[in-house]
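Colleague: I should like to understand the terms used to describe this model. Could you explain how each label is reached?

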Amino acid sequence: MWTIILVAVAVILVTFGLVKLVDKFIPSKFKPILNILLWVLIAFLGYQTYMSIYKPIQFNKLKNKRYIAVIESLKDIRDSQLAYKEVTGKFAGNFDNLVKFIDTAQYTITQRKDSSILDVEMTKRFGGVEMYKDIVVIDTLEFVSIKDSLFKKSTRYKTMMNVPIPGKDDAKFDMKAGFIQQNDVKIPVFEASVKKAVILYDQDKDLIMQENQVISVDGVNGDALKVGSMDEVNTTGNWPKTYGANE
């Protein structure tokens, strides 16, 4: 961007110089036309210089606004997936199953306490002397709706598969789930993502390309916003904390 600005400024300065040369060396009858053309060129280059600064600023404002909305949806997907795993032991492979789960499933609230009971076998061995053994008693206290626990009265979980960007109603998050093997143990994993090019579909293609190449602690690295991973045990998001908690 700075290269473009410097080139434009240099051209404007050269054009100003040409105006002076025209004024000094060109015959009077040609001066009005040439002066008009040169001033038009100066105005055009000035506009291009202004837009080279203005467009990236506006792009970043819109990008941040859309990223925040998308990240909120990714958080809802992650919370729903973690609840699904807590109850079923795995992650949901599609949104239909995940939404149905939120609509119907419940958390079981239990209470764990230590107790002791008569150990019949040991009592017999010790000739009738009562012997006791420690046990853990788990009591079921109540059942809590996962829908109420995660979303209160909101129904936004029913549309969490939609990427929340204006003018792109058909955009959906890509979601996968499965298992990876670590130390001979199968561990469930999931990933939900959307390409930056989808989020910024109506923006300047060159600016989108630059955004896809971002490598920064303050930016979203890579060409997509995502949460979770199919390659490692990870349920965090890939956005910096300036956009909100990613864990």
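The conversation below takes up the overall layout, the core, one helix, several single residues and a pocket.

Colleague: What kind of model is this, and how many helices and strands are there in the protein?

Modeller: The model is predicted. The protein has 7 helices and 5 strands, and from the N terminus on its elements run α-α-α-β-α-β-α-β-β-α-α-β. Of its 247 residues, 34% count as buried. Among contacts between residues at least 6 apart in sequence, 61% join residues at least 24 apart.

Colleague: What makes a set of residues a nonpolar core, and which members touch the most others in the largest one?

Modeller: The members must be buried residues of the nonpolar kinds listed for a core, joined through side-chain atoms within 4.5 Å. The largest nonpolar core has 38 residues, and those touching the most other members are Val70, Leu74, Ile77, Phe95, Phe173, Ile199 and Leu225. Two or more residues each come from α2 (31-88), α3 (95-104), α5 (146-151), β4 (185-195), α7 (205-212) and β5 (224-228). Helix α2 provides the largest share, 8 residues. As a general tendency, nonpolar side chains in soluble globular proteins are buried together.

Colleague: Which residues does Ile199 touch?

Modeller: Leaving aside residues up to four places away in sequence, Ile199 touches Arg66, Tyr67, Val70, Ile165, Val194 and Leu225.

Colleague: How do you know that the buried residues of α3 are on the same side of the helix?

Modeller: The buried residues of α3 are Phe95, Leu98, Val99, Phe101 and Ile102. They cover an arc of only 155° around the axis, and therefore they lie on the same side of α3. The face turned away from that buried side carries the exposed residues Asp96, Lys100 and Thr104. In general, an α-helix has 3.6 residues a turn, so residues three or four places apart point the same way.

Colleague: Why is Met161 called buried?

Modeller: The relative accessible area of Met161 is 15%. Buried means under 20%, so Met161 meets the condition with its 15%. Met161 lies in the loop between α5 and β3 (174-182). Apart from residues up to four places away in sequence, Met161 touches Phe95, Val99, Ala171, Lys172 and Phe173. The C-alpha atoms of Met161 and Leu74 are separated by 9.0 Å, although the two residues are 87 apart along the chain.

Colleague: Does the reasoning carry over to strands, and what makes Ser193 count as buried?

Modeller: Ser193 is placed in strand β4. Its relative accessibility is 12%; the limit for a buried residue is under 20%, and therefore Ser193 counts as buried. With residues up to four places away in sequence left out, Ser193 touches Phe173, Asp174, Leu225 and Lys226.

Colleague: How do you know that Pro56 is buried or exposed?

Modeller: Pro56 is found in helix α2. Its relative accessible area is 16%, and the label buried requires a value under 20%, so Pro56 is buried. Along the chain, Pro56 and Leu207 are 151 residues apart, while their C-alpha atoms are separated by 7.3 Å.

Colleague: Why does Lys152 count as exposed?

Modeller: Exposed means over 50% relative accessible area. Lys152 has 57%, and so it counts as exposed. The place of Lys152 is in the loop between α5 and β3. Lys152 also has a positive phi of about 50° although it is not a glycine. In general, most residues other than glycine have a negative phi.

Colleague: What makes Asp184 exposed?

Modeller: Asp184 has a relative accessible area of 72%. The cut-off for exposed is over 50%, so Asp184 is exposed. Asp184 lies in the loop between β3 and β4 and has a positive phi of about 65° although it is not a glycine.

Colleague: What lines the second largest pocket?

Modeller: The second largest pocket has a volume of about 220 Å³. It is lined by 13 residues, and Asn60, Lys63, Gln210, Glu211 and Val214 lie nearest its centre. The elements giving two or more residues to this lining are α2 and α7; α2 gives the most, with 4 residues. By class, the lining has 7 nonpolar, 3 polar and 3 charged residues.

Note on methods. Residues are numbered from 1 along each chain as its sequence is written. This is a predicted model: local features need pLDDT of at least 70, side-chain atom pairs count only at pLDDT 80 or more; totals for chains, interfaces and linings use all residues. Side-chain values use heavy atoms; hydrogens and water are left out. Buried means under 20% relative accessible area, exposed over 50%, partly exposed in between (1.4 Å probe, protein chains only). Contact means heavy atoms within 4.5 Å. On a 1 Å grid over the protein atoms alone, a cavity is a set of points where a 1.4 Å probe fits but cannot get out, and a pocket is an open set with protein on both sides within 12 Å along at least five of seven lines; lining residues have an atom within 4 Å of a point. Grid points are joined across faces, edges and corners, and a volume is the space filled by probe spheres set on the points. Ala, Val, Leu, Ile, Met, Phe, Trp, Tyr, Cys and Pro count as nonpolar, Asp, Glu, Lys and Arg as charged, and the others, Gly among them, as polar. The arc is that of the directions from the helix axis to the C-beta atoms.
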